[in-house]
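Q: I would like to learn how to read a protein model step by step. Could you take me through it?

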Amino acid sequence: MYDPNTTGGDSGYNGWIQPYAVKPIGTLVYKTLAKTARSLDISVLGWGNASAITDGIGDDAGYIGTKYLASDWDRSVEFTHKIAAIEAGNYSFNLKAGDDHVKIYKNGILIYSIKDAYAQTNTAPVLIFPSYALASGDVLTVVIIEEHQGNTALNIEITPLFPSPCTLDYGDAPATYGRPTHSIPVLPTLYLGNVAPDSELSAATPLIGTGDDATGTDDEDGITLPANLMIGSKITLPVIVKGTGYLNAWFDWNADGDFADPGEQLLPIDQNVVAGTTQLSVDVPATAVAGVSYARFRLCSTLSSCNTPTGNASSGEVEDYQITISKGFAGTPYTCDGYFYQIRRVSNGPSRLFRIDRLNPSAYAQTELLDLSPYTLNALALNKQDGYFYALTQPTSAALQPTLIKIGQSGTEVLGTVSVLPNTNYVAGTFDSAGNYYVSSGNTLYKINISTQTSTAITLSGSTLSPGDMAVNPNESGVIYAANVSSLYRIVVSGTST
């Protein structure tokens, strides 16, 4: 640069202007809109004004690193920032004014370059990128190179396109489940429950599904969950919806801290719901792990915008809940008391256990002992080895296998699905003196080990039995009696055949 009429600064070398100071003027403003959405303003002011030169470049709270590069005639300033996980999203880049040479890099790769920026913008804003994705870990670098003396300010604004957190509803499950957000308009018209969501600056603590309840208004009122979700059961959850939209739900059945495992997102995905109460059907798998876990429910107005457990949705609400998955408690065993025991459904509801006085059959005197909710059971049999009744659930869908249930005087305990056992309804069951549980289906008898929940198929010789009941004679080892509507059968079990 040559200026023979220089009157200020350090002149020499026959009129060539030397750098005025070690560092040029520069200010960097990193606008913080709480913890999620930040707007980055880079401003370089008046390179040629010696009286205004300061000793450094602004660095807001350590979020932005700055680096000064200098040569004899060109000076540049470099701003760098590494995108945190909470900042990942789409940004717009706006060159508002300036002279000089501007370069923008992502992860060291040049993505934008413009020379003589002021002449090209002529003070009018230029949108460099209307929408540019920056992921967690990306390093953004902005370099401004002074190519001639001048006092023109340069300003680059990098603004997040995702919503300001002051209008966001956050999930409040533990951090391992990810952090979903939903934008909240001034007058919400789509949400879960009767109370509109309030906004948070970040996920409200404690992160155990109750933080949002305790912060602002208690707006987590959309879903009514039972105290215990019984393994192997089928339940119906009432979901209150305000407005019309799409509902998605997740349950962490194996309690591993995420909603990523097969079967943990309820079907159908993006269930269309309208204002009122929606009945959500939930099958608790027999493979579920007993203990404390979490569920997440998301409602939004746009198809596919909230069908993942994380990410931002432009409408609706997210509600997280702590749940308890239970095997149940069977309680005290039964004793051999001479009564007849039966399970049956009442008004197509869950099974109930009845005790019938077999000595007074004309009166058919019966006493209801237990409501076996939420199960529909069959193949009831008493194991004299431990005094408990055992039964199998009737599968509610083709994807579910029969689950072995233990019944005591206080309730039920889920033992798990039985391997190698076909998915069908087993009507009759019995125990032998060694504590092996037998059930039949068609022309096959299944011997079940109740300790390991494994089964062995035993092929029946002769015609298909389809028995309505089975029993053993304690005086005949390895013999099972079975009856259907027309015949009584004596089955001699030998290995895997009869």
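The dialogue below goes through confidence, overall make-up, core and sheet in turn.

Q: What is the average pLDDT of the protein chain, and where does the pLDDT stay under 50?

A: Where pLDDT is low, the predicted coordinates should not be read in detail. This is a predicted model, and its protein chain averages a pLDDT of 74, with 69% of the residues scoring at least 70. The pLDDT stays under 50 over residues 1-74, although the model has 179 contacts beyond four places in sequence for that stretch. Over residues 149-153 the pLDDT is likewise below 50, and that stretch has 22 contacts beyond near neighbours in sequence.

Q: Which elements have the lowest and the highest mean pLDDT?

A: Strand β2, residues 16-17, has the lowest mean at 26, whereas strand β18, residues 245-251, has the highest at 97.

Q: How many helices and strands are there, and how much of the chain is buried?

A: The protein chain has two helices and 37 strands, and buried residues make up 44% of its 498 residues. If we take the contacts between residues at least 6 apart in sequence, 63% of them join residues at least 24 apart. The accessible surface comes to about 22800 Å², of which 52% belongs to carbon and sulfur atoms.

Q: Which residues have the most contacts inside the largest nonpolar core?

A: In soluble globular proteins, nonpolar side chains tend to be buried together. Here the largest nonpolar core has 40 residues, and those with the most contacts inside it are Phe251, Phe297, Leu353 and Ile407. Strand β17, residues 234-242, gives the largest share of this core, namely four residues. Apart from this core lies another one of 16 residues, including Tyr388, Phe431, Tyr446 and Ile448.

Q: What does Phe251 touch?

A: Leaving aside residues up to four places away in sequence, Phe251 touches several residues, among them Leu225, Leu237, Phe259, Glu264, Tyr294 and Phe297.

Q: How should I read the sheet with the order β13-β14-β22, and which strands stand at its edges?

A: Strands of a sheet pair through backbone hydrogen bonds, either parallel or antiparallel. This open sheet of three strands has mixed pairing. Strands β13 (168-170) and β22 (311-313) stand at the edges with a single partner strand each, so one side of each is left without a neighbour in the sheet. On average, neighbouring strands of this sheet are turned by 25 degrees against each other, direction ignored.

Q: In which sense do β13 and β14 pair?

A: Strand β13 pairs with β14, residues 180-183, in the antiparallel sense over three bridges, and leucine 168 stands opposite serine 183 in β14.

Technical notes
Residues are numbered from 1 along each chain as its sequence is written. This is a predicted model: local features need pLDDT of at least 70, side-chain atom pairs count only at pLDDT 80 or more; totals for chains, interfaces and linings use all residues. Side-chain values use heavy atoms; hydrogens and water are left out. A nonpolar core is a set of buried Ala, Val, Leu, Ile, Met, Phe, Trp, Tyr and Cys residues joined through side-chain atoms within 4.5 Å. Buried means under 20% relative accessible area, exposed over 50%, partly exposed in between (1.4 Å probe, protein chains only). Contact means heavy atoms within 4.5 Å. Two strands pair if DSSP finds at least two bridges between them. Axes are lines fitted to C-alpha atoms, for helices over the stretch in contact, and angles run from 0 to 180 degrees between N-to-C directions. pLDDT is the predictor's confidence in each residue, from 0 to 100. Accessible areas come from the Shrake-Rupley method with a 1.4 Å probe; for residues, only the protein chains shown count as cover.
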